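I sat down with one model and kept notes on whatever I looked up. Here they are, in the order I made them.

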Amino acid sequence: NAAAAVLNVVGVAGSALTYLSVFPTTPSGTCAYTGTHAPPFSTLNLAAGAVVANRVMVALGPATSGGADTSVCVYSAAGAINIDVDASGWYGRAAAATGYQYQAVGSTRVCDTRSTSGLRCAGPELGPGASELVKVAGVYGIPSGSPVIQAVIGNLAAVLPSQGTFLTLYP
């Protein structure tokens, strides 16, 4: 009963300056945009050799004519590129039962460790091998009672790291 998906799309080390576009399939299960008919929008833009990610929420379309809505298309404007597509959630159809609908809140920053952020988790910055406990439910308008929150969709960003690193978000 999914009508749309929340995806993290990553372009990995393309051979040329390009953009990627993510969109639902047509009712016949094909991709509407091709090399001769480029989409008028981009989901992410990246330089040759770069690795860039972006979250996108996109309607699903069928993989075949008359099929169930299960698929999306990814268009690359130039060069050759690898892509990663990670699913991080979905939206139910309007007629779906309670609990199968996505409940959105406005964009809300629940943590910013920069000392000047003014948020409750401000400073110090994370060091090597460190973890930060980040409370989400009950913070800045995100419910903590009824309805019971099962998960959140968020964006995790590293700002000016002192060296190459990665961040992992987990319950």
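Which residues does valine 56 touch, not counting residues up to four places away in sequence? I got Ala5, Val6, Leu7, Val9, Val22 and Thr43. I took contact to mean heavy atoms within 4.5 Å.

**Ground rules**

I'm working with a predicted model, where local features need pLDDT of at least 70, side-chain atom pairs count only at pLDDT 80 or more, and totals for chains, interfaces and linings use all residues. I number residues from 1 along each chain as its sequence is written, and side-chain values use heavy atoms, with hydrogens and water left out.

**Overall layout**

I counted 0 helices and 7 strands in the protein chain. From the N terminus on, I read the elements as β-β-β-β-β-β-β. Helices (H or I, at least four residues) and strands (E, at least two) are DSSP runs, numbered from the N terminus.

I then looked at contacts between residues at least 6 apart in sequence, and 64% of them join residues at least 24 apart.

For burial, I found that 21% of the 171 residues in the protein chain are buried. Buried means under 20% relative accessible area, exposed means over 50%, and partly exposed is in between (1.4 Å probe, protein chains only). The protein chain exposes about 11,200 Å², and carbon and sulfur atoms supply 56% of that area. Accessible areas come from the Shrake-Rupley method with a 1.4 Å probe; for residues, only the protein chains shown count as cover.

**The core**

Back to valine 56, since I wanted to know what group it belongs to. Val56 is in the largest nonpolar core, together with Ala5, Leu7, Val9, Leu20, Val22, Leu44, Leu46, Val58 and Leu60, 10 residues in all. At least two residues of this core come from each of strand S1 (2-12), strand S2 (18-24), strand S3 (44-46) and strand S4 (51-59). S1 gives the largest share, 3 residues. A nonpolar core is a set of buried Ala, Val, Leu, Ile, Met, Phe, Trp, Tyr and Cys residues joined through side-chain atoms within 4.5 Å. My reminder to self: in soluble globular proteins, nonpolar side chains tend to be buried together.

**Valine 52**

I stayed in strand S4, where valine 52 lies. Buried or exposed? Neither: valine 52 counts as partly exposed because its relative accessibility is 25%. Leaving aside neighbours within four places in sequence, I listed its contacts as Val9, Val10, Gly11, Leu44, Asn45 and Leu46. I also looked up valine 12: its C-alpha atom is 6.9 Å from that of valine 52, though the two are 40 residues apart along the chain.

**Threonine 25 and serine 71**

Where does threonine 25 lie? I found threonine 25 in the loop between S2 and S3. Threonine 25 counts as buried because its relative accessibility is 12%. Its side chain reaches the backbone oxygen of proline 62 at 2.7 Å. A polar atom of the threonine 25 side chain also lies 3.4 Å from the backbone oxygen of glycine 61.

Ser71 is one of the contacts of threonine 25, so I went there next. Serine 71 sits in strand S6 (residues 69-76), and at 18% relative accessibility serine 71 counts as buried. Its side chain and that of threonine 70 are joined by a polar contact of 3.1 Å. A polar contact is a pair of N or O atoms within 3.5 Å; within protein, one must be able to donate a hydrogen and the other to accept it, and residues adjacent in sequence count only if both atoms are side-chain atoms.

**The salt bridge**

How many salt bridges does the structure hold? I found 1. The side chains of arginine 114 and aspartate 112 meet there (2.7 Å, N to O). The rule is a side-chain nitrogen of Lys or Arg within 4 Å of a carboxyl oxygen of Asp or Glu. Arginine 114 counts as partly exposed at 40% relative accessibility, whereas aspartate 112 counts as buried at 11%.

**After S7**

Last stop: the segment after S7, where I looked up alanine 94. Alanine 94 is exposed, with a relative accessible area of 81%. Its C-alpha atom is 8.5 Å from that of alanine 3, and the two are 91 residues apart along the chain.
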